[in-house]
Amino acid sequence: MENTETVPVVRTVAALRQIVKEWKALGHRVGLVPTMGALHHGHLSLVDEIAEACDKIIVSIFVNPAQFGAHEDLSKYPRQELEDRKKLKSTKTDLVFAPEVGEMYPDSFETVVSVPKLGRDYEGVHRPGHFEGVATVVSKLIIQSYADTAIFGEKDYQQLAVIKKFVKDLDIPCEILGGTLIRESDGLAASSRNVYLSPEDRKTAGSFNKILKKLIKGAEAGGNLRALEKTATESLLDAGFTKVDYVAIVDKDTLIPIDKVNGEARVISVARFGNTRLLDNMAINPDKPD
């Protein structure tokens, strides 16, 4: 284990498991916060949330090549491990797991975890192969760490649904928590992608959540859902976004589009400035029984 003024780090599965075995021998419950680094206050809030359910916390930092598509530049993804570990020092993180690519994907590796139905639409359309990469690496991280609980931010709502599904289907003994979506002061969802926005784009980006809130108001009032999606899409483009990948009102669990809101539902959306994709989602009729 490397020791610095930051949170300690290990880089091999063997070292990780040895530490976790020692924790579990003492009766500790282990929590996992998977990340790709470039940590912001949204990530740190996940550590705070999982701390309520666990005695020991592992934060993984691994830029997963398997979830990048053919037109996504893996080399440009921000890598700042030392800074990330310094940020984690202010949290209850006990250990960072930061493996090399070869540790996660040795030359002989060929297994893929897939959730075809939940991962097919929306992000599945715009980022082919993305969810297979996510599901595979998350399953490995949970198994490698013997985690009792793992947490994922609700900003990536479809990703959270995919993870919950394969964990249930494969009988993986790990509780999956959805972490609160953290927003900036103007309501924009906190994301590592926000650093790619120009100052002008950043001013416009704050309208994203406002437009979705207007859609939700219309949906809860019984408005035509397809018309509301169309209006929201047009409003985003009028506001200055260069492209809207989708605005969809869906069942909160299956992510299947619905024609009428009965109980709680979800609006999920991605809008772009050039190649920078911003995700957002919000509950419709939150806490209202189905």
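This passage describes a three-stranded sheet, a helix that lies across part of that sheet, and two residues with positive phi in a predicted model.

The sheet is open and consists of three strands in the order β7-β8-β9, with antiparallel pairing. Its edges are formed by β7 (243-251) and β9, each of which pairs on one side only, and from one strand to the next the twist averages 10°. Strand β8 (residues 265-273) is joined to β7 by eight bridges, the two strands running antiparallel; within this pairing, A248 has I268 of β8 as its bridge partner. Helix α10, which comprises residues 225-239, lies across β7 and β8, and its direction makes an angle of about 150° with β7.

Beyond these elements, the backbone of two residues deserves mention. Most residues other than glycine have a negative phi. In D171, which is not a glycine, phi is nevertheless positive, at about 55°, and this residue is found in the loop that connects α7 (157-169) with β6 (175-179). A positive phi, near 55°, is likewise found in N285, also a residue other than glycine, which lies in the segment after β9 (276-284).

The two residues can also be described by their accessibility. D171 has a relative accessibility of 66% and therefore counts as exposed, the cut-off for this class being over 50%. For N285, by contrast, the relative accessibility is 15%, so that this residue counts as buried, a class that is defined by a value under 20%.

Technical notes
Residues numbered from 1 in each chain as written. Predicted model: local features only at pLDDT ≥ 70, side-chain atom pairs only at ≥ 80, totals over all residues. Heavy atoms only, no water. Helix = DSSP H or I, 4+ residues; strand = E, 2+ residues; numbered from the N terminus. Buried < 20%, exposed > 50% of the residue type's maximum accessible area, 1.4 Å probe, protein only. Pairing = 2+ DSSP bridges. Axes fitted to C-alpha atoms, helices over the stretch in contact; angles between N-to-C directions. Contact = heavy atoms within 4.5 Å.
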